[in-house]
Amino acid sequence: YAAKRSGTGIAVYASILDLHNPRRLMLLSDLGRMVREKAFELHFQPKVDLINHDIDGYEVLTRWTHPRLGSISPAELIPLAETGNHIGLLTETVIDVTLEQMRSWAPQFKPTLAVNVSARNLVDEMFPERVIQAIEEYNINPAQLELEITESAFMHDPQRALQSVSRLNQAGITLSIDDFGTGYSSLSYLTDLPVQALKIDLSFIREMIKKEKHQILVSSTIQLAHGLGLAVIAEGVENEDTARALRKMECDFGQGFHFGAPVPAPAIMRR
Ligand code: C2E
Ligand code: MG
Ligand code: MG
Ligand code: MG
């Protein structure tokens, strides 16, 4: 795979599948230790009620600063963790640190925290039980933990993924579909899945003001979701015009730089 020249003159590799890519090899070999030593940071991005601007909860986003290569984006980290077979432990560790964080907060501060889950996690039969056990160990109300799943999770083994989601839902954990609109699956899975919310992908939201077709897609998705009894979250809300348009469409929640970027835990305590 060819290396591309970025603006800064640093080579950016087109594919993480390149076995001869030294950057990838270094990251892969350090990933396992990073996960085991919890050498990552969690950032929290507010999810805001579009009517009264109350913070309903936060999405948890993983940040890894490699000692030599610097900041590694989740877009690079997560696929690598999947390739290297570290995604099971990574997700479970992220959930663990999230629950620990919840327990450390003052009793009157009880936001919902949403963790991203990989497709791989949902086909692991042990995953739901491990999450449920962790919630019990930390003595957390299961409804305070939300798990964000993507449509792609249902591509390979839909039966098993559905079983996992059902088990998590039975235990009282909140579930939402992330990046809605970017997958290729049929809409029928929306009627089968026990989820509470749908997050419209930021690619539709960011272009909404300029593109009428995007607006039609967004407003139809909101109506569809509401018809099925699901709450709707718009991701990638970057300005007030977009927030206003979404409010008009009766979208429930917004997330994006307009309301707040992802920040470390201490910063959200000071808001
Ligand atoms: P996502 O779950 O859809 O998260 C939203 C992404 O959009 C985040 O990027 C967030 O920083 C970014 N974002 C938020 N507001 C705005 C905005 O107004 N404009 C723009 N342009 N971007 C915005 P991030 O943190 O780089 O994460 C990227 C993806 O990596 C996430 O997409 C999620 O799928 C995945 N990810 C992150 N942390 C984890 C994790 O712990 N586990 C797993 N499995 N996946 C993770
Ligand atoms: Mg997400
Ligand atoms: Mg998303
Ligand atoms: Mg996304």
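A polar side-chain atom of Glu59 lies 2.9 Å from an oxygen atom of ligand 1 in this predicted model. Asp178 likewise places a polar side-chain atom 2.9 Å from a ligand 1 oxygen. Gln45 contributes a side-chain N or O atom 3.0 Å from a nitrogen of ligand 1. Such polar contacts are pairs of N or O atoms within 3.5 Å. On its own, ligand 1 has 800 Å² of accessible area, of which the protein covers 82% (Shrake-Rupley method, 1.4 Å probe).

The shell around ligand 1 holds 21 residues, each with a heavy atom within 4 Å. Thr62, Arg63, Asp178, Glu238 and Phe257 come nearest. By class, the shell has seven nonpolar, six polar and eight charged residues. Asp, Glu, Lys and Arg count as charged; Ala, Val, Leu, Ile, Met, Phe, Trp, Tyr, Cys and Pro count as nonpolar; the others, Gly among them, are polar. Ligand 1 occupies the space of the largest pocket. A pocket is an open set of points on a 1 Å grid over the protein atoms alone, where a 1.4 Å probe fits, with protein on both sides within 12 Å along at least five of seven lines. Strand 4 (55-66), helix 2 (74-83), strand 8 (174-180) and helix 8 (202-206) each give two or more residues to the shell. Strand 4 supplies the largest share, four residues. Helices (at least four residues) and strands (at least two) are DSSP runs.

Two magnesium ions were also examined. Ligand 2 is coordinated by Glu59 (OE), Asn116 (OD1), Glu148 (OE) and Asp178 (OD), at 2.0 to 2.2 Å. Donors are N, O and S atoms within 2.8 Å of the metal (3.2 Å for Na, K and Ca). Water is not among the atoms, so sites may look incomplete. Along the chain, the ligand 2 donors are spaced E-x56-N-x31-E-x29-D. Distant parts of the chain are thereby linked: Glu59 in strand 4 and Asn116 in strand 6 (residues 112-116) are 57 residues apart.

Ligand 3 is held by Asp178 (OD), Asp179 (OD) and two Glu235 (OE) donors, at 2.1 to 2.4 Å. Its donor spacing is D-D-x55-E. The two magnesium ions lie 3.9 Å apart, bridged by Asp178.

Residues are numbered from 1 along each chain as its sequence is written, chains are lettered from A and ligands numbered from 1 in written order. Local features need pLDDT of at least 70, side-chain atom pairs count only at pLDDT 80 or more, totals for chains, interfaces and linings use all residues, and side-chain values use heavy atoms, without hydrogens and water.

Technical notes: Polar contact = N/O pair within 3.5 Å; in protein donor to acceptor, adjacent residues only side chain to side chain. 1 Å grid on protein atoms, 1.4 Å probe; cavity = no way out; pocket = protein on both sides within 12 Å on 5 of 7 lines; lining within 4 Å. Sits in = over half its atoms within 2 Å of the grid points.
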